[in-house]
Amino acid sequence: MYYQDDFSKAFQNEMSFHEYIAETDGRAQWIRVPAKSLYVRPMAAAARFLETEEEKRQILADTRKHTGLLLQTKKGVYPLGTTAIGTLKDRARIKGTALLEIKTPVLAGILNECLKVAKGNALLRFSEGKIRGTLSGDEADYAIISMPELFMIASAYIHAGQNARFVSGYADHSMAQVTWQLCSRELAEAYGELMEEHGKKPFGEIQIFVRVTSSDVGASGANIFISMLDGGCRIILGEALRIKHQYKRGLEEFAGNMESLFQYYRQKLKNVGRLCDIPVSYPVNTLAELMKSQGFGKKLAAETVERFKTVFGEGPCSAYEVYCGLCESVFFCEEEWERHGKPCEAGREDRKMPVCPVA
């Protein structure tokens with residue numbers, strides 16, 4: 001089942017998450033080849049390249065169902081997983097939504113013509129019977145970071161001196177993520193004191209969450225998100241602490257981000273306090289315009305505005321309430337994704353995330 005392009009797995013405990021990440025990483029490998037040596041073949045026209053062993057027939061059938069493509073290299077011919085298509089286009093230096101609509105043999109031909117003039121090396125991620133990523137072979141563009149070690153470091157820092165509770169874990173061929181709740185009264189009280197300083201009260205019980213995401217196929221860097229649940233109001237505390245897989249960055253930089261997480265949290269709380277002091281006369285219009293300027297969809301913007309009016313009304317308020325409404329839209333997306341069996345893609349670099357205006 002792991003070989004299927006649409007495979008995903010949720011985890012009920014932390015140990016099973018780590019075991020899965022270590023198990024799949026142990027079976028995977030990195031392959032570095034000249035980018036111009038890559039050649040894409042439609043499965044229908046490449047029967048003589050296919051291995052006929054029974055154990056691989058299911059992998060080939062799943063590939064035919066999804067990409068319908070094979071990748072020929074100097075080291076062999078491999079089925080192409082769906083997560084590899086975007087990065088393969090990057091190696092070929094082509095982009096465009098029209099590429100999603102053309103037939104498979106035509107796409108293969110376009111890729112091959114462009115790959116002939118590709119420069120440098122390609123770093124291929126082979127996992128569960130398929131190529132899952134075709135990344136840049138230059139470490140300035142893509143640096144390998146061990147997923148098992150990264151998530152073990154995250155767990156170690158989260159549990160060191162903290163009363164933390166595992167909430168959820170998730171993995172698919174694109175990325176992996178794990179979420180903890182920090183059961184620290186000190187952190188929650190710091191937020192309550194901040195609200196009191198600015199003449200406000202928390203909406204309810206305060207809960208702090210940390211989410212770590214990463215990918216070894218180019219879908220995400222090593223990202224650390226911190227968020228808060230204030231009663232029924234969910235708040236993202238600033239941008240993620242990010243490390244892109246670039247410039248030979250690795251586990252030491254990630255560990256540094258984990259170590260500075262609580263200092264970062266306290267700094268972001270100060271920014272939240274500054275939002276409390278900014279008056280907004282027309283919050284509904286302000287929220288709608290913010291979402292429009294940030295590229296949120298019209299349907300999501302309309303639903304977010306309606307929820308905001310239900311919770312906060314339409315009268316004057318502070319920028320803090322408007323920011324809470326903006327954060328809610330991201331969590332609403334997450335709920336929609338979970339209904340379809342996947343988590344929110346908020347860990348991706350290309351995902352629109354609300355950023356505290358005074359951060």
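Arg27 and Glu128 form a salt bridge, with their closest N and O atoms 2.8 Å apart. A salt bridge here is a side-chain nitrogen of Lys or Arg within 4 Å of a carboxyl oxygen of Asp or Glu. Arg27 lies in helix H1 and Glu128 in the loop between S6 and S7, so this pair ties together parts that are 101 residues apart in sequence. Helices (H or I, at least four residues) and strands (E, at least two) are DSSP runs, numbered from the N terminus. The model is a predicted one, in which local features need pLDDT of at least 70 and side-chain atom pairs count only at pLDDT 80 or more, while totals for chains, interfaces and linings use all residues. Residues are numbered from 1 along each chain as its sequence is written, and side-chain values use heavy atoms, with hydrogens and water left out.

The two partners differ in exposure class. Arg27 counts as partly exposed, at 41% relative accessibility. Glu128 is buried, with a relative accessible area of 14%. The classes are buried (under 20% relative accessible area), exposed (over 50%) and partly exposed (in between), with a 1.4 Å probe and protein chains only. Glu128 also has an unusual backbone angle for its residue type. Most residues other than glycine have a negative phi. Phi of Glu128 is positive, near 50°. The loop that holds Glu128 runs between strand S6 (121-127) and strand S7 (130-136).Helix H1 and strand S6 are linked by a further salt bridge. Asp25 pairs with Arg125, and the closest N and O atoms are 2.9 Å apart. Asp25 lies in helix H1 (residues 14-27) and Arg125 in strand S6, so the pair ties together parts that are 100 residues apart in sequence. Asp25 is partly exposed, at a relative accessible area of 26%. Arg125 counts as buried, at 4% relative accessibility.

The count of salt bridges comes to 13. One of them joins Lys95 to Asp90, with the closest N and O atoms 3.0 Å apart. Lys95 counts as exposed, at 72% relative accessibility. Asp90 is partly exposed, with a relative accessible area of 32%. Elsewhere, Asp5, Asp62, Lys130 and Arg132 are joined into one network by salt bridges that share partners.

Arg93 also has a positive phi, near 60°, and is a residue other than glycine. Arg93 sits in the loop between helix H3 (85-92) and helix H4 (104-115). Its relative accessible area is 53%, so Arg93 is exposed. Glu128, by contrast, is buried.

Aromatic contacts were searched next. The whole structure holds nine aromatic pairs. Rings of Phe, Tyr and Trp (its six-membered ring) pair if their centres lie within 6.5 Å; planes under 30 degrees apart count as stacked, over 60 as edge-to-face and the rest as tilted. In one pair, the ring centres of Tyr2 and Phe7 are 4.9 Å apart and the planes stand at 50°, so the pair is tilted. Phe11 and Tyr20 form another tilted pair, with 5.3 Å from centre to centre and 50° between the planes.

The exposure of these four residues was also computed. Tyr2 counts as partly exposed, at 24% relative accessibility. Phe7 is buried, with a relative accessible area of 10%. Phe11 is buried at 3%. Tyr20 counts as buried at 6% relative accessibility. Tyr2, Phe7, Phe11 and Tyr20 belong to one aromatic cluster that also includes Phe17 and Phe151.

A charge also sits over a ring. Arg211 lies over the face of Phe225, at 4.4 Å from the ring centre. The rule for such a contact is that NZ of Lys or CZ of Arg is within 6 Å of the ring centre and within 35 degrees of the ring normal.

Totals for the chain complete the description. The protein chain has 11 helices and 15 strands. It comprises 359 residues, and buried residues make up 53% of them. Among contacts with a separation of 6 or more, 69% are between residues 24 or more positions apart. Contact means heavy atoms within 4.5 Å. The accessible surface of the chain comes to about 17600 Å², and 51% of this belongs to carbon and sulfur atoms. Accessible areas come from the Shrake-Rupley method with a 1.4 Å probe; for residues, only the protein chains shown count as cover.
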